[in-house]
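Let's take a walk through this structure together. Have the sequence and the 3D view ready, and pick out each residue as we get to it.

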Amino acid sequence: AAVMETLRGKNGCPWDKEQTRESLKPFLLEEAYEVLEAIDEEDPETLKEELGDLLFQILFHSRIADERGEFGIEEVLSHAVEKMTRRHPHVFGPGASSRRKGRKPATSGEVLARWEELKQKEKQNRKRKSVLDGVPKPLPALMRAYQLQTRASRVGFDWKEIRPVWNKVREEMKELEEAVGEGRSRQIQAEFGDLFFALVNMARFLKLDPEESLRKANERFSERFRYIEKKAGKAKTTLSEMTLAEMDRLWDEAKAVERKRLKRRGR
C-alpha cells in the first residue's frame, strides 16, 4: 500500500499517476488470465509472480478509491473478512465449535444453498430483485452462462438428473440444423447460442468448467497445429503446399505424441 501511495504521489511515476479505473480495466483482466496460465503450467514460481501482479492491481484500484475519499485497502480487506465470516455461519456462527469437535459438518450443497440465501438477504438492501443480479455482464460468455445456470439451480430451477440435459442438447442441435437449412440468419445465431447454452448446462452436470474446458481445447489445437507447422518446416514445404490429407496425417501424429506425453505424466 505504501509503494502504491508513493507511485501515485507528487514525485511518483508519471504513468502510474495518469491511470484511472477505466484505463486499468485491461490490465486487471490480463493479470487474472496470466494467473490462470501459471496454474495450467504448474509453475509455482510463475504463479507467485502473477498473483503478486494481480494483487498489485487490487492495490492500484484501492489507492484510486482512497484518493477519491471512497475507501482504502484496509476497508477492502476488512469487508472481505466480515463477508466471509457472515456467509460461513457453519464455521464461525454459534455452535460452530461443537460441530468442529464431532458433529457432522454441512454438505457442500447445503453450504451453497445457505450462501445463496444470505446473498439474497444482503442484496435486498442493495435493491437487487433477481437471484441472477450480481453475475457480471462483462464475464466471458461461457463463464457467464455457467454462473447464470448455477444461480438458478440453487433456488431449484434445474433438472434433477442428466438425461433431460442430453435431450436438450439434441433438441438445440436439431433446431440449429433446421435454421441453417432454411437460411434464416437471425434464427441461426439464436439457435447457435441456445446450443452453446445447453452444452454449458451439460458441462455443469458433468462437473466441468466450460470456460476451462474450451481454454484447454484451444491449447490442444494450438499445440497440434504447431506440430504440423514444425513438420512442414522440416520437410521444407509450407502448409499451403500440403494437401488436407497430409495435414490430417500429421494432426493424428500430433495427437499420438500428446497421448504418450499425458500417459507418462499419469493423466
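What follows goes from one helix to some charged pairs, and then to a surface patch and a loop.

Some ground rules come before the tour. You're looking at a predicted model, where local features need pLDDT of at least 70 and side-chain atom pairs count only at pLDDT 80 or more, while totals for chains, interfaces and linings use all residues. Residues are numbered from 1 along each chain as its sequence is written, and side-chain values use heavy atoms, with hydrogens and water left out.

Let's start with helix α10, residues 163-182 (helices are DSSP runs of H or I, at least four residues, numbered from the N terminus). Its 20 residues reach 29 Å from the first C-alpha to the last, close to the 28 Å expected at 1.5 Å a residue. That expected span is 1.5 Å times one less than the number of residues. Now look at which residues are hidden: Val165, Val169, Glu172, Leu176 and Ala179 are buried in α10. Here, buried means under 20% relative accessible area, exposed means over 50%, and partly exposed is in between (1.4 Å probe, protein chains only). These buried residues cover an arc of only 90° around the axis, which puts them on the same side of α10. The arc is taken from the directions from the helix axis to the C-beta atoms. Turn to the other side of α10 and you'll find Arg163, Arg170, Lys174, Glu177, Gly181 and Glu182, which are exposed. An α-helix has 3.6 residues a turn, so residues three or four places apart point the same way.

Next come the charged pairs. A salt bridge here is a side-chain nitrogen of Lys or Arg within 4 Å of a carboxyl oxygen of Asp or Glu, and by this rule the count comes to 18. One of them joins Glu67 and Arg8, with the closest N and O atoms 2.6 Å apart. This pair links distant parts of the chain, since Glu67 is in helix α4 (residues 44-67) and Arg8 is in helix α1 (residues 2-8), 59 residues apart. Glu67 is partly exposed at 37% relative accessible area, whereas Arg8 is buried at 14%. Both belong to a network of salt bridges that links Arg8, Arg63, Asp66 and Glu67.

Another pair is Asp158 and Arg204, whose closest N and O atoms are 2.9 Å apart. Asp158 lies in the loop between α9 (141-154) and α10, and Arg204 in helix α11, so this salt bridge ties together parts that are 46 residues apart in sequence. A more local case is Lys25 with Glu22, which meet at 3.3 Å, N to O. Because they are three residues apart in helix α3 (residues 21-40), about one helical turn separates them.

Now for the surface. Helix α11 (residues 185-205) holds Phe196, which counts as partly exposed at 39% relative accessibility. Together with Phe192 and Leu199, Phe196 makes a nonpolar surface patch of about 280 Å². Patches are made of residues with over 30% relative accessible area and no salt bridge, joined within 9 Å for like charges and within 5 Å for nonpolar side chains (Val, Leu, Ile, Met, Phe, Trp, Tyr).

Last stop: Thr238, in the loop between α12 (210-234) and α13 (244-264). The side chains of Thr238 and Ser240 are joined by a polar contact of 3.0 Å. Such a contact is a pair of N or O atoms within 3.5 Å; within protein, one must be able to donate a hydrogen and the other to accept it, and residues adjacent in sequence count only if both atoms are side-chain atoms.

Terms used. Accessible areas come from the Shrake-Rupley method with a 1.4 Å probe; for residues, only the protein chains shown count as cover. Helices (H or I, at least four residues) and strands (E, at least two) are DSSP runs, numbered from the N terminus.
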